[in-house]
Amino acid sequence: MAAYTTIDNPELYFQVKTYTGTGSSNAITLDGDEDMQPDWVWIKKRNGATHHNIFDSVRGTTQTLYSNLNEGQSAESNALTAFSSDGFTVGSYGEVNNSSDTFVAWCWKAGNSSGSSNTDGSVTSTVSASTASGFSIAKFTGSGSNLTIGHGLGVKPDFIILKCTSSSSTDWTCYHSSLGATKRIKLNASDASSTNSTTWQDTEPTTSVISVGTSGDVNVSSGTHIVYSFANKQGAVKCGSYIGNGASSGSYIHLGFRPAWFLVKRSDSANAWHLVDAKRNTFNPTQNGLFPDTSDAENTGNQFDFLANGVKLNSSDGGYNASDGTYIYMAFAEAPFVNSNGAPCNAR
């Protein structure tokens, strides 16, 4: 019999933190029982419209990307200024620390490093990876011709987010295992998924490499690119898809864990990405939504129940439960439904 989970304590690898801005240097300590040094920090102001700011240890502190824009990275010396052993520090940059504003930070651990050389692909990449949690960060230089990039996970990724950091007007491009390598979907747009053979070369990622084609969004000649890769981990990480039923008592998505974070996008039609978490709503319904493809403030119109073993949809909202709509998602665990010792988790 297979183990119930590969990770008994998900907060060793992923945590959510809410905080209030100070307008000056602000050391943020994560709330989990376990210390966790993050390598990827995604920050969004909750009570107003600002960009989503994304930082990682491979590109280095102060280098921010905006998930809702197609711009390259921006150097903001007073944005995220340090990754620490149990959190991070932000400076006076208003989009991550404006005085009295409320913020949420989603934090992932990779390899706790600025990365090391990986020669698995046709081009050398710089990779920081956690094979235990199935998350890696890889940086590479594009060629404009077909190439492969080592991701460092040792297993096939189920969700990939790729962005050219040195060039503006390039979209955030995603691969999702439920769509397959013939399709791409944009993180910075509400567009439906589309077929594009020049994105992933119509080639599935392998246990060692990701294939990218000649599309300017994923492979700018001499341009620098960042890749975030995620692999399913039983009881801890789940990427999948479902069909909506259009009813107020909506679909149930089985995850095998109580979720901490849930990202969903309708893939067959234009609808915004929806992102909810267990920190901003500690009780059901989990309704405080944010939208990676827009700068919008937090919206309380979402209707998700986080259960001990999955997510229940409680709305016919077309963004996540239209009748016969096709949806892709990625979820991270707060606790496995049953740990490796056979003990079940509690519902919320």
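Two strands count as paired if DSSP finds at least two bridges between them. The structure on screen is a predicted model, and that rule for pairing is enough to start the tour.

**Stop 1: a three-stranded sheet**

Select strands 21, 25 and 24. They form an open sheet of 3 strands in the order 21-25-24, and the pairing is antiparallel. Strand 21 (252-254) and strand 24 are the edge strands, each with a single partner strand, so one side of each has no neighbour in the sheet. On average, neighbouring strands here are turned by 20 degrees against each other, direction ignored.

Now keep strand 24 and strand 25 (residues 310-313) in view. These two strands are joined in the antiparallel sense by 4 bridges. For one position to check, pick Phe306, which has Val311 of strand 25 opposite.

**Stop 2: strand 8 and its partners**

Move to strand 8 (residues 87-90) and show its side chains. Which residues point which way? Gly87 and Thr89 point to one side, Phe88 and Val90 to the other, and all of them are buried.

Add strand 2 (residues 26-29), which runs antiparallel to strand 8 and is joined to it by 4 bridges. Asn26 is the residue opposite Val90. Next add strand 7 (residues 80-84), also antiparallel to strand 8 and paired with it over 4 bridges. On this side, Val90 is the bridge partner of Leu80. The link between strand 7 and strand 8 is a hairpin of 2 residues.

**Stop 3: aromatic rings**

Select Phe, Tyr and Trp; the model holds 25 aromatic pairs. Go to Trp261 and Phe332. Their ring centres lie 5.4 Å apart and their planes meet at 65 degrees, so this pair is edge-to-face, the class for angles over 60. Trp261 sits in strand 22 (residues 257-266) and Phe332 in strand 26 (residues 326-336), so that the pair links distant parts of the chain, 71 residues apart. Both Trp261 and Phe332 are buried.

For a second pair, select Phe304 and Tyr320, which are tilted, with 4.4 Å from centre to centre and 35 degrees between the planes. Phe304 belongs to strand 24 and Tyr320 to helix 3 (residues 318-321), so the pair ties together parts 16 residues apart in sequence. Phe304 and Tyr320 are buried as well.

To see a wider group, select the cluster linked by ring pairs, which includes Phe14, Trp40, Trp42, Trp106, Trp108 and Phe135. Trp261 and Phe332 are also among its members.

**Stop 4: the cavity**

Rolling a probe the size of a water molecule over the atoms shows where empty space is left. How many cavities of 30 Å³ or more are there? The count is 1. The largest cavity holds about 90 Å³ of space. Select its lining, which includes Ile7, Pro10, Tyr13, Ser133, Ala236 and Val237. Phe14, Trp108, Phe135 and Phe332 are among the lining residues too, and these four also appear in the ring cluster. By class, the lining has 10 nonpolar residues, 1 polar and no charged ones.

**Stop 5: the pocket**

The last stop is the largest pocket, with a volume of about 370 Å³. It is lined by 15 residues, and those closest to its centre are Glu11, Gln15, Gly32, Lys279 and Glu334. Strand 1 (14-20) and strand 26 each supply at least two residues of this lining. Strand 1 gives the largest share, 3 residues. What classes make up the lining of the largest pocket? There are 6 nonpolar, 4 polar and 5 charged residues.

How values were computed
Residues numbered from 1 in each chain as written. Predicted model: local features only at pLDDT ≥ 70, side-chain atom pairs only at ≥ 80, totals over all residues. Heavy atoms only, no water. Buried < 20%, exposed > 50% of the residue type's maximum accessible area, 1.4 Å probe, protein only. Phe/Tyr/Trp six-rings, centres within 6.5 Å; stacked < 30°, edge-to-face > 60°. 1 Å grid on protein atoms, 1.4 Å probe; cavity = no way out; pocket = protein on both sides within 12 Å on 5 of 7 lines; lining within 4 Å. Points joined across faces, edges and corners; volume = space filled by probe spheres on them. Nonpolar A, V, L, I, M, F, W, Y, C, P; charged D, E, K, R; others polar. Axes fitted to C-alpha atoms, helices over the stretch in contact; angles between N-to-C directions.
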